[in-house]
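This report covers the ligand site and the open and closed spaces of one protein model. Start with the residues around the ligand, then turn to the cavity and the pockets.

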Amino acid sequence: MIEVDGKETLGELSSEMLAELVEKKPDAVLGLATGSTPEDTYKKLIKKINTRKLDTSRLTTINLDEYEGLSPDHPMSYHAFMKEHLYQPLGLSEAQTHLPKGDAPDLYEEAERYERLIQECGGIDLQLLGIGENGHIGFNEPGTPFTTRTHVVDLTANTREVNARFFDRLEDVPHRAITMGITSIMEARKVVLLANGDRKKDAMTRLIAGAINEEAPASILKKHPDFTIIADKAALAGIPADVRANWG
Ligand code: F6R
């Protein structure tokens, strides 16, 4: 676990991990997340890639999730977020970048296609994660079986309310999404979870100090052989000192 002072260092360390991977393995498969947490990571990664003149032509990116019903050009879609924050600035092509299609005619078939795609790409080298206030990873809400692969989910009222800040009105937030499953995430060769701010305190306390339990989806990550948390003091403030001391 790496404790940082704030968002700036969080973005710096996580972007450095990604940049080093791109440098070492130009055909790496990056598992990426959307949301406010990784925005700085992407900003800094773009700078590092440009300054170090790293080759991105053979990279593949695979994102965690997408809302049901939003086409790739819908401004609130995760497609649009990734295009703006990473794909366009780096000049990544459509063939290199993948998200589930939220406007696919059959969401269940789309989930199966997406899971096959992850396998066909040879698996994910580094999966970047944020964490929901309710402990979700991807859109795997509390109670999701640990055995899931990419699947269709009903978003909880809490997730819709929290994410309403990106939409004009709460009613505009879709009720369902496609997300990589817990097993899909656990199969990534390396997992890096980012958390900052007070509103992540409860979720991080449950992840670190609580039992491994499907009600706390992120808790399974403690079984991953290469799992790193990068979090700021506010997000870690609820963790008892003895638990902190015993964490690797
Ligand atoms: C995003 C995702 C979510 C977010 C989580 C935290 O692709 O899968 O699990 O990582 O909801 O979101 P922010 O970073 O906006 O607090």
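## Ligand shell

By class, the shell around the ligand holds eight polar, four charged and three nonpolar residues. The model is predicted. In total, 15 residues surround the ligand. T37, D65, H136, G138 and K200 are the closest of them.

## Polar contacts and burial

Which atoms of H136, G138 and K200 face ligand oxygen? For H136, a polar side-chain atom lies 2.7 Å from an oxygen atom of the ligand. For G138, the partner is a backbone N or O atom, at 2.7 Å from a ligand oxygen. K200 uses its side chain: an N or O atom there is 2.7 Å from an oxygen atom of the ligand. The protein covers 97% of the ligand's accessible area, which is 410 Å² for the ligand on its own.

## The cavity that holds the ligand

Where does the ligand sit? It occupies the largest cavity. The count comes to one cavity of 30 Å³ or more. The space in the largest cavity is about 310 Å³. Its lining has 23 residues, and T34, G35, I131, H136 and N163 are the closest to its centre.

H136 thus appears twice: among the residues closest to the ligand, and among those closest to the cavity centre. By class, the cavity lining has eleven polar, seven nonpolar and five charged residues. Helix α5, residues 157-163, supplies the largest share of this lining, with four residues.

## Largest pocket

The largest pocket holds about 360 Å³ of space. Its lining has 14 residues. Nearest its centre lie P72, H79, Y87, E94 and T97.

Which elements supply at least two residues each to this lining? They are α3 (78-90) and β5 (97-98). Of the elements, α3 gives the most, with four residues. The lining divides into five charged, five polar and four nonpolar residues.

## Second largest pocket

About 170 Å³ of space lies in the second largest pocket. G35, E39, P75, M76, S77, Y78, A80, F81, E84, H85 and F166 line it. By class, six of the lining residues are nonpolar, three are polar and two are charged.

Here too α3 leads: the largest share of the lining, five residues, comes from this helix. So α3 contributes to both pockets, with four residues in the lining of the largest pocket and five in that of the second largest. G35 also recurs. G35 lines the second largest pocket, and G35 is one of the residues closest to the centre of the largest cavity.

## Recap

The ligand sits in the largest cavity, and the protein covers 97% of its accessible area. Ligand oxygen has partners at 2.7 Å in the side chain of H136, the backbone of G138 and the side chain of K200.

Terms used:
Residues numbered from 1 in each chain as written. Predicted model: local features only at pLDDT ≥ 70, side-chain atom pairs only at ≥ 80, totals over all residues. Heavy atoms only, no water. Near = heavy atom within 4 Å. Polar contact = N/O pair within 3.5 Å; in protein donor to acceptor, adjacent residues only side chain to side chain. Areas by Shrake-Rupley, 256 points an atom, 1.4 Å probe, with all protein chains shown as cover. 1 Å grid on protein atoms, 1.4 Å probe; cavity = no way out; pocket = protein on both sides within 12 Å on 5 of 7 lines; lining within 4 Å. Sits in = over half its atoms within 2 Å of the grid points. Nonpolar A, V, L, I, M, F, W, Y, C, P; charged D, E, K, R; others polar. Points joined across faces, edges and corners; volume = space filled by probe spheres on them.
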